[in-house]
Amino acid sequence: MEKLKDFDIQVYKLAIKQHEYEYTVNSDFFSNFEGELVESGEVKIQLLLDKRENLLELNFDFSGFLDLISDRSLEPFQYPIDINKKLLYKYGEEEQELEEDVFVITKNTQVINVGHFIYETIALQIPLKKLHPDEIEEDEEHNEYVYIDDAEEDIKEEEEKIDPRWEALKKLNKKK
């Protein structure tokens, strides 16, 4: 993908210190990926890359908005994005993914591309239920849960079904 070359970082040439990068992604960026998870919006990314002897630590700060359409009213709205993510690249013998945000790269790796990571991070911020901000309060009112404990109901029923003989004994007990 030629357009994602803007997100290449030449790690081989970097000195051992902190480096700052700034990216802005919009609908042109989102059109480079298949699927329709994210189609438009504008997100600014501040990247602080800390190169050390044995690893690269990348701290991303995402802020901006995505243009979404409400699932209920089909009204367009802007969904705010404001997140921080951390990504680690450790040096090792062979390239592999250890965890979701920890990768192993070789010492000979010259370029890493953060474009896919940026897209995936933004795409994962989209809620399953896309509601216009005006509809959220309405939805919360209708989704109230009421907890009913069966044990409490059983106790109340037992109290109501007192044997008349016990009732007579309780009266005698109260007279004393």
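**Exercise 1. Classify lysine 86 in this predicted model: is Lys86 buried, partly exposed or exposed?**

Start with the number: lysine 86 has a relative accessible area of 41%. The cut-offs are under 20% for buried and over 50% for exposed, with partly exposed in between. So lysine 86 goes down as partly exposed.

**Exercise 2. Find the salt-bridge partner of lysine 86 and say where the two residues sit.**

Step one is the partner: Lys86 forms a salt bridge with glutamate 57, and their closest N and O atoms are 3.3 Å apart. Step two is the location. Lysine 86 belongs to strand β5 (residues 76-91), while glutamate 57 belongs to strand β4 (residues 55-69). The two are 29 residues apart, so this pair links distant parts of the chain.

Step three is a look at the cover on the partner. Glutamate 57 has 11% relative accessibility, so it counts as buried.

**Exercise 3. Starting from glutamate 57, trace the rest of the network: which residues do the shared salt bridges join?**

Keep the general idea in mind: side chains of opposite charge can pair when their charged atoms come close.

- Glutamate 57 also meets arginine 52 in a salt bridge, at 2.6 Å from N to O.
- Arginine 52 in turn pairs with aspartate 50, where the closest N and O atoms lie 3.1 Å apart.

Put together, shared partners tie Asp50, Arg52, Glu57 and Lys86 into one network. As a check, the salt-bridge count comes to 3.

Now add accessibility. Aspartate 50 is buried, at a relative accessible area of 15%. Arginine 52 comes out at 33%, so it is partly exposed.

**Exercise 4. Which residues gather in the patch of negative charge on the surface?**

The members are Glu97, Glu99, Glu100, Asp101 and Glu120. Take glutamate 97 as a test case: it lies in strand β6 (residues 96-99). Its relative accessible area is 51%. A patch residue needs over 30%, and exposed means over 50%, so glutamate 97 clears the patch cut-off and is classed as exposed.

**Exercise 5. Which residues make the nonpolar surface patch, and what is its area?**

Ile162, Trp166, Leu169 and Leu172 make this patch, with an area of about 410 Å². Zoom in on tryptophan 166, which is placed in helix α5 (residues 164-175). With a relative accessible area of 55%, tryptophan 166 is exposed.

Conventions:
Residues are numbered from 1 along each chain as its sequence is written. This is a predicted model: local features need pLDDT of at least 70, side-chain atom pairs count only at pLDDT 80 or more; totals for chains, interfaces and linings use all residues. Side-chain values use heavy atoms; hydrogens and water are left out. Patches are made of residues with over 30% relative accessible area and no salt bridge: like charges are joined within 9 Å, nonpolar side chains (Val, Leu, Ile, Met, Phe, Trp, Tyr) within 5 Å. Accessible areas come from the Shrake-Rupley method with a 1.4 Å probe; for residues, only the protein chains shown count as cover. A salt bridge is a side-chain nitrogen of Lys or Arg within 4 Å of a carboxyl oxygen of Asp or Glu. Helices (H or I, at least four residues) and strands (E, at least two) are DSSP runs, numbered from the N terminus. Buried means under 20% relative accessible area, exposed over 50%, partly exposed in between (1.4 Å probe, protein chains only). Lys and Arg count as positive and Asp and Glu as negative; His and the chain ends are not counted. The place of a charge is taken as NZ of Lys, CZ of Arg, CG of Asp or CD of Glu.
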